[in-house]
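Dear colleague,

I am pleased to hand over the structure shown below. A summary of what was found in it follows, and I would be grateful if you read the two side by side.

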Amino acid sequence: MNRRRRGVTLASSVAGAVIVALDGTVLTVAQPRLQRELDASYAQVQWTSTGYLIAVASLLVFAGRLGDLPHGLLSGRRPLGHRRLFAVGMLGFGAASAGIGLAPSIGWVIGLRVAQGVFGALAQPATLGMLRAAFPPDRLAMPLAVRTGAIAVAAAAGPLAGGALAAGPGWRAAFFLNVGPALLFGLLALAPHEDERGEYATGAAPAARTERTGGDGGAGWAGRSVRAGATGRGGEAEYGGRAERAERGERAGRVERGAGARLSVAGLDLPGALLLAVALGCAVRALVAVAEPGGAGPGTAVVAVTAVIAGGAFVRHERRTAAALLPPDVIGSAAVGSALVVLVAASAALSGTLFIATYVLQDTLGLDPFQSSLRSLPLALLMVLAAAGCPVVLRRCGARRTTVTAMLLLALGVLVLVRATAAPALCTGFALLGAGFGTVMVAATQVVVREAAVASAGVAGGLQQTAMNVGPALGVATATALRTAGGAGPALAALAAVACAGAAAAWTLPGHRGGPASPGRRRGKPGSGADGEAVPTAGPGPAQER
């Protein structure tokens with residue numbers, strides 16, 4: 001994949017993430033005017049957010065799996081791929097946004113917000129899957145940093161843009177804001193070019209693919225990739241060889257599973273997808289309900305129990321099925337599991353703290369919304385700066401030390417806000433929150449995307465996005481319950497403890513690497529392939545984790 005195509009891929013990934021982030025923050029500010037103009041109840045307005053969250057959280061992993069499929073949904077058809085799913089997601093998201101802007105009633109708004117969630121679920125895992133295919137593992141931190149920084153800017157600009165549009169042209173203009181960019185990047189993704197898996201996923205270099213079709217005799221994929229690397233592609237060719245061996249192993253696995261795969265449509269684990277969707281959807285609904293006034297009732301308990309039962313049935317199904325929704329290289333990776341726990345803990349601590357801080361700033365300290373926004377401005381600023389500097393820190397310190405330190409900074413920021421009343425102390429607390437969270441976002445996301453095989457990049461991206469949706473719901477629910485029971489101080493202390501728990505989980509992340517990842521890093525010794533067989537290398541082996 002050439003430099004221009006990588007640039008387009010990065011721009012599309014960033015745009016997709018920003019459009020979704022901007023939409024959510026703009027809606028939060030526009031909801032009061034929407035409620036008045038459509039004569040809606042508070043509960044109905046809440047469902048404009050809840051319906052979206054349930055839809056997106058339920059479908060993220062399944063959508064990621066759709067992008068990973070090496071074949072079409074129907075036999076003999078071309079794969080959907082991450083690029084096409086991203087295009088469908090963006091075009092659908094833009095169309096739904098336009099529909100909301102024209103909606104005649106609150107019922108239409110709720111329904112179209114659910115549709116936005118469905119299309120957002122298609123697009124979000126693809127934004128990470130496209131990056132995983134376009135960039136080798138040792139260069140993923142930079143595009144992820146750009147993506148995280150852009151999300152931080154959108155989070156900061158969203159309330160300002162939403163407030164200005166709601167006060168001026170009206171709340172409908174806030175939804176029209178996303179239509180143009182969504183349609184532009186959706187159509188751009190449909191433009192003919194190389195397959196969305198990229199040369200890193202299907203071959204290390206053009207030379208390697210030429211040899212494949214040019215009659216290389218009995219030489220295997222790995223040998224051709226390494227020879228291409230010897231002519232000038234080096235580490236990237238080594239990565240391409242690993243990707244090809246992973247695909248070869250995946251093809252062999254499908255043949256071996258045989259009869260089990262026939263139980264799923266086109267190799268998809270539809271029963272598993274349904275169980276996971278029910279579990280996640282009910283879990284998000286229960287968490288959101290706890291944060292609502294009077295929401296922690298018998299109905300919420302039933303929904304929570306349903307989530308637990310569906311989750312248990314999903315785990316049992318995945319252990320017994322031949323065609324699992326979650327590939328073993330993803331769900332069986334300790335590093336990926338730890339990184340997901342860290343992302344849930346970080347997003348829960350941040351969202352819960354911001355929820356509490358809003359009431360402290362406006363109700364306890366008597367600040368108006370604009371003054372409150374000024375106090376919290378260092379959060380967005382430090383988040384952008386931390387994301388930009390994180391790739392350098394990762395190269396020097398590794399994912400483990402970087403993430404542990406960042407989670408402790410996040411916890412410290414929460415504790416500073418427990419007793420902060422003056423502007424300097426408040427700004428310091430928010431700055432620590434931004435520095436910690438921005439670093440965690442890049443470092444932990446890099447682990448999730450990098451540690452998963454290229455063929456499982458969509459599922460890994462779906463899991464990352466699921467963690468980023470479940471975490472805030474968990475944080476706000478925790479903050480609401482503890483604030484009601486004991487006030488802001490105990491609630492913030494508990495959220496700091498959540499961040500510290502995330503720091504403990506980060507100790508199991510990979511340490512510092514002195515070079516590109518070894519082919520056998522997870523499955524065998526250096527210089528071994530996916531199944532432990534000896535594989536020739538293009539040069540001296542990279543330094544191992546310390």
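I begin with a salt bridge, in which the side chains of Asp-23 and Arg-113 meet at 2.5 Å, N to O. Please bear in mind that this is a predicted model. The pair joins distant parts of the chain, since Asp-23 belongs to helix H1 (residues 3-37) and Arg-113 to helix H4, 90 residues apart. Is each partner buried or exposed? Asp-23 has a relative accessible area of 4%. As that value is under 20%, the limit for a buried residue, Asp-23 counts as buried. Arg-113 is buried too, with a relative accessible area of 3%.

The structure holds two salt bridges. Besides the pair just described, the side chains of Arg-33 and Glu-37 form a salt bridge, with an N to O distance of 2.8 Å. Here both residues belong to helix H1, and because they are four residues apart, about one helical turn separates them. Arg-33 is partly exposed, at 23% relative accessibility. Glu-37 is likewise partly exposed, at 44%.

Helix H4, which carries Arg-113, also packs with another helix. How do helix H2 and helix H4 lie relative to each other? The axes of H2 (residues 42-68) and H4 (residues 106-134) come within 7 Å and cross at roughly 25°. Because angles under 35 degrees count as roughly parallel, H2 is roughly parallel to H4. The crossing of H2 past H4 is right-handed. Sorted by class, the residues in the contact of H2 with H4 are 15 nonpolar, nine polar and one charged.

After H2, the chain enters the loop between H2 and helix H3 (81-101), and Pro-79 lies in this loop. Pro-79 is partly exposed, with a relative accessible area of 24%. The C-alpha atom of Pro-79 is separated by 6.4 Å from that of Leu-69, although the two residues are 10 apart along the chain.

I turn next to the aromatic residues. How many aromatic pairs does a search of the whole structure find? The search finds two. In one of them, Trp-171 and Phe-175 are arranged edge-to-face, with 6.1 Å from centre to centre and 85° between the planes. Both residues sit in helix H6 (residues 171-176), and because they are four residues apart, they are separated by about one helical turn. Trp-171 and Phe-175 are both buried.

The other pair consists of Phe-355 and Tyr-359, whose ring centres are 5.3 Å apart and whose planes make an angle of 65°. Because planes over 60 degrees apart count as edge-to-face, this pair is edge-to-face. Phe-355 and Tyr-359 are four residues apart in helix H15 (residues 334-364), so about one helical turn lies between them. Phe-355 is partly exposed, with a relative accessible area of 22%. Tyr-359 is also partly exposed, at 32% relative accessibility.

For a first look at the model, I would suggest the salt bridge of Asp-23 with Arg-113, followed by the crossing of H2 and H4, and then the two aromatic pairs.

With kind regards

Notes. Residues numbered from 1 in each chain as written. Predicted model: local features only at pLDDT ≥ 70, side-chain atom pairs only at ≥ 80, totals over all residues. Heavy atoms only, no water. Axes fitted to C-alpha atoms, helices over the stretch in contact; angles between N-to-C directions. Helix = DSSP H or I, 4+ residues; strand = E, 2+ residues; numbered from the N terminus. Parallel < 35°, antiparallel > 145°, perpendicular 65-115°, else oblique. Left-handed = near helix turned anticlockwise from the far one by under 90°. Nonpolar A, V, L, I, M, F, W, Y, C, P; charged D, E, K, R; others polar. Salt bridge = Lys/Arg side-chain N within 4 Å of Asp/Glu carboxyl O. Buried < 20%, exposed > 50% of the residue type's maximum accessible area, 1.4 Å probe, protein only. Phe/Tyr/Trp six-rings, centres within 6.5 Å; stacked < 30°, edge-to-face > 60°.
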